[in-house]
Amino acid sequence: MASTADEDLRAAESAAAVDPAGPLQASAPAGEGARGSAWAARLLVAGLVLAALNLRPAVTSLGSLLKEVRADLGMSGTVAGLLTSVPAFCFAVFGLAAPRLARRFGPAAVVCAGMAVIAAGLALRPYAGGVSGFLALSVLALAGIAVSNVLMPLAVRRWFPDRVGPMTGLYSMAIAAGAAAAAAGTVPLAGALGHSWRLGLGSWALLAAAAGLLWLVAARRSRTDGAAGPAAGAQDAPRTSITRSPTAWALGIFFGIQATGAYIVMGWMPAIFRDAGVSASTAGILSAVTMLTGIPLAFVLPRLAARLPHQGVLVVALACFGLAGYAGLWLAPAAGAWAWAVLLGVSNSAFTLALTLIGMRARTGGGVVRLSAFAQSTGYLISIPGPLLVGWLNERTGGWDVPLALMAALMVPQVAAGVLAGRARTVEDEL
């Protein structure tokens with residue numbers, strides 16, 4: 001029998017729905033019957049997966065080639081740390097615009113534009129001709145990722161109201177798969193393309209271009225059918241400012257600290273392994289292992305979270321895996337490299353748990369819109385200093401002991417905030 005929390009989640013999902021079939025599915029003409037609805041459903045699923053595949057390669061493709069990029073562009077350790085902090089800054093700033101853009105233009109059109117921006121940024125940044133140009137075009141690509149980051153939970157909640165858990169797991173798996181593919185595949189791609197790091201990094205623009213074409217079809221169908229987007233229904237949200245909700249703040253802090261750890265690992269773990277004597281290609285594969293570990297967990301965690309009366313136990317368990325991984329990197333980074341990569345991959349699945357909690361801690365569609373934008377933007381703002389501080393500490397101390405100690409210490413506030421966010425309540429109740 002499902003638990004009370006699971007029943008509450010299902011009730012929240014139903015409250016968010018305008019039509020159980022979702023807007024694009026419901027819009028098929030009656031004469032087309034189930035075939036039109038099934039086609040629309042497949043289009044939406046494919047669009048969500050392909051878009052999710054593009055939400056991390058801009059970040060993870062850089063880690064394995066960071067030494068080459070720094071050497072070629074004359075980039076200091078502090079600037080490299082800034083580069084690893086840029087994703088969090090962009091996700092925080094540009095993510096705030098996503099709900100408003102979705103209400104005005106429709107979510108499919110916004111995601112389509114986001115994919116086009118990602119493709120342009122990734123294709124052009126290796127040829128910018130300097131550190132400032134590389135950073136500017138990275139910001140361009142990350143702006144496209146930012147709006148999609150916010151719209152993914154909203155699209156799932158609106159288009160698949162009776163399958164929030166499985167669909168959250170599916171697109172979370174796709175995010176992890178895209179991150180892993182970019183981490184493991186960028187060095188071999190660069191080698192196959194004449195040992196050019198520029199071509200290796202720029203090749204990921206093709207994946208974003210393919211996603212943009214698919215979302216162009218979805219956007220055209222959405223306009224033709226007059227379908228409402230997932231950001232519609234924001235009028236269901238309470239009028240009181242969401243900043244007065246303790247749960248929203250707890251979720252934002254939890255999201256921010258887990259994002260700090262995730263972006264430090266994605267940005268710096270290959271460098272930690274390479275400084276320990278691991279080859280560039282192996283360091284990239286180890287980074288990919290960390291991402292791949294999250295794929296099965298992305299499918300399991302949302303289902304498990306929905307069946308627990310309090311998700312704090314999952315928060316604590318994931319933090320324990322992270323502490324073990326950081327301890328291993330400190331004591332024997334090369335000798336136990338594969339084990340540490342897996343342990344940190346399990347710990348980084350806190351991202352999937354955070355996305356799941358966004359859907360569970362709001363009862364209405366409008367509540368999900370506001371909570372997603374607030375939690376992600378607040379969280380990414382919190383995460384900005386972390387990667388930059390790690391780069392500065394590494395440069396000042398000449399090693400990784402102090403940065404690793406910092407990363408382990410961050411697990412304490414992450415657990416505290418996550419336990420508070422895991423309580424069975426909604427932001428509507430608090431407002």
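How many cavities of 30 Å³ or more does the structure hold? There are five. This tour of a predicted model starts inside one of them and then moves out to helices, loops and single residues.

**Stop 1: the largest cavity**

Rolling a probe the size of a water molecule over the atoms shows where empty space is left. Here, the largest cavity has a volume of about 270 Å³. Select R56, I175, M291, N348 and F351: of the 19 residues in the lining, these are the closest to the cavity's centre. Next, colour the helices α10 (164-192), α13 (246-275), α14 and α17 (350-360), the elements that each give two or more residues to the lining. Which helix provides the largest share? It is α13, with five residues. By type, the lining of the largest cavity divides into ten nonpolar residues, eight polar and one charged.

**Stop 2: G359, in one of the lining helices**

Stay with helix α17 and pick out G359, which lies in it. G359 counts as buried, because its relative accessibility is 11% and the cut-off for buried is under 20%. Now add R157. The two residues are 202 apart in sequence, yet their C-alpha atoms are 7.4 Å apart in space.

**Stop 3: helix α7**

Select residues 98-105, which form α7, and mark A98, P99 and A102 as its buried residues. Look down the helix axis: the buried residues of α7 fall within an arc of 100°, so they line one face. An α-helix has 3.6 residues a turn, so residues three or four places apart point the same way. Turn to the face of α7 directed away from the buried side, and you will find the exposed residues R100 and R104. Following α7 is G106, with a positive phi near 95°.

**Stop 4: helix α19**

Move to residues 385-397, helix α19, which has 13 residues. Put a distance label between its end C-alpha atoms: they are 18 Å apart, which agrees with the 18 Å that the helix should span at 1.5 Å a residue. Which residues of α19 are buried? They are G386, P387, V390, G391, L393 and N394. Viewed down the axis of α19, these buried residues fall within an arc of 165°, so they too line one face of the helix. Just after α19 comes G398, where phi is positive, about 75°.

**Stop 5: two loop residues**

Most residues other than glycine have a negative phi, and most peptide bonds are trans. With that in mind, select H195, which has a positive phi of about 55° although it is not a glycine. H195 sits in the loop between α10 and α11 (197-202). Is H195 buried or exposed? It is exposed, with a relative accessible area of 71%.

Then go to P309, in the loop between α14 (280-306) and α15 (312-331). P309 counts as exposed, at 59% relative accessibility. Show A424 as well: it is 115 residues from P309 along the chain, and the two C-alpha atoms are separated by 6.5 Å.

**Stop 6: two cysteines**

Finish with C90 and C112. C90 is buried, with a relative accessible area of 0%. C112 is also buried, at 14%. How many disulfides are there in the model? The count comes to zero, where a disulfide would need a pair of cysteine sulfur atoms within 2.5 Å.

Definitions and conventions. Residues numbered from 1 in each chain as written. Predicted model: local features only at pLDDT ≥ 70, side-chain atom pairs only at ≥ 80, totals over all residues. Heavy atoms only, no water. Buried < 20%, exposed > 50% of the residue type's maximum accessible area, 1.4 Å probe, protein only. Helix = DSSP H or I, 4+ residues; strand = E, 2+ residues; numbered from the N terminus. Arc of directions from axis to C-beta. 1 Å grid on protein atoms, 1.4 Å probe; cavity = no way out; pocket = protein on both sides within 12 Å on 5 of 7 lines; lining within 4 Å. Points joined across faces, edges and corners; volume = space filled by probe spheres on them. Nonpolar A, V, L, I, M, F, W, Y, C, P; charged D, E, K, R; others polar. Expected span 1.5 Å × (residues − 1).
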